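Okay, thanks for coming, everyone. Let me put the model up, and then we'll walk through a few places in it.

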Amino acid sequence: MRILLASSEVFPFSKTGGLADVAAALPKALVDNGHEVLVISPWYKTLKSVNDLAPLWIGDVSVPFAGGFETVGIGELQQDGVRYAFIGHSDFDRDSLYGFEDDTKRFALFSRAIPQVAERVMFAPDVVHANDWHSAYLPMILKHGWHLPEGFIDLPTVFTVHNVQHQGVGDVEALTYDMRLPTELEPNYFKHFGTANAMQAALGFSDWVTTVSPTYAEELKTEAYGYGLDGTFRHIEDKFSGILNGIDIDIWNPATDDLLKQNYSLDSSIKESKTIEKIALSKQFGLSGFERPDFTRPLLAVVSRLAEQKGLDIFLDAVDGFVQQGWNIMILGSGDVWMEEKIPELSQQFPERIGYLIGYDEALAHRIYAGADALAIPSRFEPCGLTQLIAMRYGTLPIARATGGLKDTIQHAETGFLFDHMTVEGLLWASQEAVQHYGKATWSDMIKNAMKQDFSWKSSALAYEVLYQKLCIKN
Ligand code: ADP
């Protein structure tokens, strides 16, 4: 099969979160299973070249847009058998990926350009897979867009919801004009209470909708989790399912990870290697509690966007309690300004107990996954979550809220600790449970259980393949 995957970010070229990991790993797994995959993503100013691998400009293409045509550039590259096409335009020539007033228009252009770009790089897909609001207009464009290249009209489409909180809300008239769509679309899933809603358009116009865990698929149909689209999720439930994400087990592998001081695997030196990494981190960030050769303080880490979704407000309120329970704390994250300011304040209050780095640091993240004892993920909602999967692979036990993909992937008191109540008390209850096991044989058993879990893309990619095939046959 030939699969076109559209994503606004793709690791290692661009990344702000888990979507980038998925857009990298799923295509790789599909290619390993004998499929052809083209990933289309914007050519940001900040696009990283990796091992001298950078997109090669192959020319421009004209895209029907905003009452006329807009020219976009195309950069191509190939890695691990996956083809990439990056769409270049002055709209993407900015210092960050998102966060601009004209985001809906920028990504409408991105989505509108995809068929033309695919044609230009001579990729004729059997199925098209769009992801999150940035490429959410693509299924609608393929059903109703004017001036589509031959072979692109009515292609089977899959849309994956990675996070419902961001829906791409804009102005109906302006976006209809920009994307050169007919004004009389009926039913017009594009409209949501008078605004244009990219995500709802994708829910309506895609042939199948997935989200990234079975529990989140159920949660999205409820008012508490649906962010205003719960009614639409209920309406489309016959074409909606949850497929759990995986992780790239080559990138995330403690046995080969060259960012670690000492590699380890299920069969060798787990405790010793993790302790070496923990002590190195503790020294680097000025933490105490590793002076005794037979005991080190448990290290509780956070690797996360600092956002309300992730429940880190509750985590920061629980810091006193963690310190009393005996934890040292290491926080790596960036995001909401008030949290970025509060973390240094808390660290000043407990200088030898709290280390932090405000920012995005891939290498440090690897070392934390290895050196920490537990990873806190007190999310309000979590579509799938990757950090708990990575943590478990590195023998670090997640302490997480029982929601979405966290609930689907962590077994309480077997591979991590789950709590229900979204409160400081709930979180501290779970961290106390963890402390009670720390240093005992049950802790080592849990580490082994966690490391034994298979979170590779193998079975998830297979589930997507089955879905693509079903849609292609129907067509
Ligand atoms: P989300 O996509 O909601 O942010 P996920 O758990 O699905 O959360 O994915 C987060 C990904 O981003 C993981 O690969 C994690 O290691 C990485 N990550 C998050 N914050 C940072 C950071 N500050 N530095 C390095 N990596 C980070």
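So, to start: in which loop is Asp91 found? Asp91 is in the loop between β5 (82–88) and α2 (103–120); helices here are DSSP runs of H or I with at least four residues, strands are runs of E with at least two, and both are numbered from the N terminus. Asp91 has a relative accessible area of 15%, so it counts as buried. The cut-offs are under 20% for buried, over 50% for exposed and partly exposed in between, with a 1.4 Å probe and protein chains only. Leaving aside neighbours within four places in sequence, Asp91 is in contact with Arg106 and Leu109, contact being heavy atoms within 4.5 Å.

Quick housekeeping. This is a predicted model, where local features need pLDDT of at least 70 and side-chain atom pairs count only at pLDDT 80 or more, while totals for chains, interfaces and linings use all residues. Residues are numbered from 1 along each chain as its sequence is written, and side-chain values use heavy atoms, with hydrogens and water left out.

Now the whole thing. We have 18 helices and 18 strands. The C-alpha trace spans about 70 × 45 × 40 Å along its principal axes. The radius of gyration is 23 Å, and a compact globule of 475 residues would come out near 23 Å, so the two agree. That radius is taken over C-alpha atoms, and the globule rule is 2.2 Å times the number of residues to the power 0.38. Of the 475 residues, 60% count as buried. If you take contacts between residues at least 6 apart in sequence, 72% of them join residues at least 24 apart.

Next stop, Pro125, in the loop between α2 and β6 (127–131). Pro125 counts as buried because its relative accessibility is 7%. Its C-alpha is 5.8 Å from that of Leu4, and those two are 121 residues apart along the chain. Not counting residues up to four places away in sequence, Pro125 touches Arg2, Leu4, Phe152 and Leu155.

How many of the ten residues of helix α13 are buried? Eight, so to speak of a mostly covered helix at residues 362–371 is fair. Among those buried are His366, Arg367 and Tyr369. The cover includes α9 (270–284), β13 (299–306), β14 (328–335) and α14 (387–393).

Then some backbone geometry. Phe11 and Pro12 are joined by a cis peptide bond, with omega about 5°; Pro12 is in the loop between β1 (2–6) and α1 (18–32). Asp154 isn't a glycine, yet its phi is positive, about 65°. You'll find Asp154 in the loop between α3 (138–144) and β7 (157–161), and its relative accessibility of 41% makes it partly exposed. Arg180 also has a positive phi, near 55°, and is not a glycine either. Arg180 lies in the loop between α4 (172–178) and β9 (191–192), partly exposed at 21% relative accessibility.

Last thing, the cysteines. How many disulfides does the structure hold? Zero, with a disulfide taken as a pair of cysteine sulfur atoms within 2.5 Å. Cys384 is buried, with a relative accessible area of 1%, whereas Cys472 is partly exposed, at 24%.

That's my tour, thanks.
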